[in-house]
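Subject: Structure handover

Hello,

Please find the structure below. My notes on its salt bridges and on one surface patch follow.

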Amino acid sequence: MTLKKHSLINFLFLVGFPCYGVGSYLSFKVNFSVGVIFGVAPFLAILLFYAIDMMYRGRVVRMVNGNYGLAMLFLSATAAGYWVALRNGYMGLNPVNTASQSLSMLIPFNAAVVVQIYNRGNTEFNYTTLLLKSLGLLMLINVLGFAAGMHNLVHGFTGRLSLPFMMGIYDGAHLLAVINLMLIFYMSDFRNKPITTALIYAAFFICLAMMANINSRLSIMIFFALIVLFLTRAIKAVKGLFSISIFTMPLLMSFSLLVYEILTLPFFQAMLDRVSKEDVTTFNGRTYIWEGVWDWFLNDRRGLLFGNGYMGQAHIGMLDYMAKLWDGDPHLIHMHSTFLEVLVDQGLLVLLLLYVLTYRGHRHFRREYMDGSQDAPMYAAMVYLMFIWQIDIFCYGMDIGNPILFSIFAVFCVKQQYITRQRLDLKGLPLA
């Protein structure tokens, strides 16, 4: 039996996210650089296989489009931010772990693009289910690790589910939300696939119970808002969703009392065990950080255009006042917001790159959703990430939301003229 190239590539991608999760654990348990390299090893293997294959062929055909260039510009700027931080003397950085972190920014996305290239004519290829299975395997090993007594080494709370193979406790909630939002697209075929559909329902409710145990209020609130829109298909009538997402943070801050009233409703109180007014209205202290960024924007603006490097807020002393509000070193406090972290670390120009990519991604996957294609579930994942990155760090740097987001972006980074496989709907039937 001959092993096809795309089968090997797809298998490596399948195990990529589970390895990425284990790598984040090893980074803090064993050695930081060892963990990083282990985490990207399957993705790196994809790129090495592609490079060797191209050498044997003796030619390279440029199949990527302008979106790929924008993505690489953004990721390269993020990688460069680590070297700026090393130059600035940020604690814990050295040439070895700076190099490993920089490479980790570039490898998963390029591997995802290679997956698209190798499967461009594969009629049996379904990238959405491949990505979902990879994320599902990551969640499975987290559950098994937790059952074996392991816990998150970065961030956690007593009495709440602490998944070990994540960069923090809330990453687990976001990953569960992404998985569940994609699963709802496969829950309506009970007649033809009763066993598979029943397992999908079981997985959905297990993930829901785990989300409640992690107890991330913001992720639960956004998840339920989106799942209602998708289940009722009201999302089709919503206009300007991308523009609305940009104002997630100011809207939440302006309506914090309303958010508190919503979270104290019996439905949410049954799921959440910490709904104090002060915590909710300040989003567990996040608003103190966000207000500090606003003050920087109005009165300081150092690095506004080109950034201050990784954890640039520490270099310019932006959050030194937080020492009076939170215990611990203020130089370790991140922005609790992907877009604010990009703004301060990489600058306004790089942030605009990310917004352009996100807009194009939203436009692409909304079209797939409206057409009912196999890629439609990625629209739900895309929309969730589009909102959550405003108010959490999940999509920045080495947090797993970043490679997930750019693995989704990889779909529209290959020129359409090279994709010869037929577009299929969610049931695997050809689209008109």
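**Salt bridges**

Arg57 and Asp53 are four residues apart in helix H3 (residues 32-57), which puts about one helical turn between them. Their side chains meet in a salt bridge, 3.5 Å from N to O. Please keep in mind that this is a predicted model.

The two partners differ in how they are covered. Asp53 is buried, because its relative accessible area of 8% falls under the 20% limit. Arg57 has a relative accessible area of 46% and is therefore partly exposed, as the value lies between that limit and the 50% above which a residue counts as exposed.

The count of salt bridges comes to five. Another of them joins the side chains of Asp300 and Arg302, at 2.9 Å from N to O. Here Asp300 is partly exposed, with a relative accessible area of 31%. Arg302 also counts as partly exposed, at 42% relative accessibility.

Which residue does Glu368 pair with? Its partner is Arg423, and the closest N and O atoms are 3.0 Å apart. This pair links distant parts of the chain: Glu368 sits in helix H18, while Arg423 belongs to the segment after helix H20 (401-409), and the two are 55 residues apart. Glu368 is buried, with a relative accessible area of 7%. Arg423, at 33%, is partly exposed.

There is also a network: salt bridges that share partners join Lys5, Asp53 and Arg57. The helix H3 pair described at the start, Arg57 and Asp53, thus belongs to this network, together with Lys5.

**Surface patch**

The other item is nonpolar. Leu305, Phe306, Leu349 and Leu352 form a patch on the surface, and together they have about 420 Å² of accessible area. One of these residues, Leu349, lies in helix H18, which spans residues 348-371. Glu368, the buried partner of Arg423, is in helix H18 too.

Why can Leu349 be part of such a patch? Patch residues need over 30% relative accessible area and no salt bridge. Leu349 meets the area requirement because its relative accessible area is 42%, which makes it partly exposed.

Regards

Terms used. Residues are numbered from 1 along each chain as its sequence is written. This is a predicted model: local features need pLDDT of at least 70, side-chain atom pairs count only at pLDDT 80 or more; totals for chains, interfaces and linings use all residues. Side-chain values use heavy atoms; hydrogens and water are left out. Patches are made of residues with over 30% relative accessible area and no salt bridge: like charges are joined within 9 Å, nonpolar side chains (Val, Leu, Ile, Met, Phe, Trp, Tyr) within 5 Å. Accessible areas come from the Shrake-Rupley method with a 1.4 Å probe; for residues, only the protein chains shown count as cover. A salt bridge is a side-chain nitrogen of Lys or Arg within 4 Å of a carboxyl oxygen of Asp or Glu. Buried means under 20% relative accessible area, exposed over 50%, partly exposed in between (1.4 Å probe, protein chains only).
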